[in-house]
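Got a protein model open and not sure where to look? Let's walk through it together, from the big picture down to single residues.

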Amino acid sequence: MNDIDAWVWWLVGAAALGIPLVVTAMPEFGMLAAGAVSAAAVAGLGFGAVIQVLTFVVVSVALIAVVRPIAARHGRQRPQLVTGIDALKGRQAVVLERVDGAGGRIKLAGEVWSARSLDTGRAYEVGQEVDVVDIEGATAIVI
């Protein structure tokens, strides 16, 4: 097998590693494919089989060691865009009907919500601004 054949075989290997990458969505196959492309480049430059294999191993391991932890860290982060009831927590609302431990009404995000006070002994009068600390069903808990 001459040098031209070696780089072609490395590219065939890279394409073969790309297939399970697409099918399984496991990024490790893509990193191995990048290592194979690097080995193809080294083979194209005329280096021997030992250097080609070392290039494949070093590039693949380096990508897995560096990129994989970064991707895992980003996968664990909460999304920056909060939606639903989580987006309402921490917002301010205006009291429409007296709110106490038993209930009341507020205007929250342009909608009328039933609400109750977190502290059952505390009451909020019409027109006061309150902070939403939680949502339980269709009732906002305010302070």
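We'll go from the overall outline to the strands, and then stop at one residue in a helix.

Keep in mind that this is a predicted model. Start by getting your bearings in the protein chain, which has four helices and five strands. If you trace the chain from the N terminus, the elements run α-α-α-α-β-β-β-β-β. In other words, you meet the helices and then the strands.

Now zoom out and look at the outline. Along its principal axes, the C-alpha trace spans about 85 × 20 × 20 Å. How does the radius of gyration fit with that? For the protein chain it is 30 Å, while a compact globule of 143 residues would have one near 15 Å.

What about the surface? The protein chain exposes about 9,000 Å², and 64% of that comes from carbon and sulfur atoms. Buried residues make up 24% of the 143 residues. You can also ask how far apart in the sequence the touching residues are. Take the contacts with a separation of 6 or more: 49% of them are between residues 24 or more positions apart. As for charge, the chain carries 11 positive and 13 negative charges, and the mean positions of the two groups are 4 Å apart.

Next, head over to the strands. Strand 4 covers residues 129-136, and it's a handy place to begin, with strand 1 (residues 92-97) as one of its partners. These two pair in the antiparallel sense over three bridges. To see the pairing up close, find Gln92, which stands opposite Asp131 in strand 4.

Strand 4 also pairs with strand 5, residues 139-142. Four bridges join them, and they too run antiparallel. Here you can pick out Asp134, which stands opposite Ile141 in strand 5. How many residues sit between strand 4 and strand 5? There are two, and the strands form a hairpin around them. Have a look at Gly137 in that turn: its phi is positive, at about 65°.

Finally, go back to the helices and find Thr55, which lies in helix 3 (residues 49-76). Is Thr55 buried or exposed? It counts as buried because its relative accessibility is 17%, and the cut-off for buried is under 20%. Which residues does Thr55 touch, once you leave out those up to four places away in sequence? They are Ser38, Ala39 and Val42. Try showing those side chains together with Thr55 in your viewer.

Notes. Residues numbered from 1 in each chain as written. Predicted model: local features only at pLDDT ≥ 70, side-chain atom pairs only at ≥ 80, totals over all residues. Heavy atoms only, no water. Pairing = 2+ DSSP bridges. Rg over C-alpha atoms; globule rule 2.2 N^0.38 Å. Buried < 20%, exposed > 50% of the residue type's maximum accessible area, 1.4 Å probe, protein only. Contact = heavy atoms within 4.5 Å. Areas by Shrake-Rupley, 256 points an atom, 1.4 Å probe, with all protein chains shown as cover. Lys, Arg positive; Asp, Glu negative; His and termini not counted. Charge placed at Lys NZ, Arg CZ, Asp CG, Glu CD.
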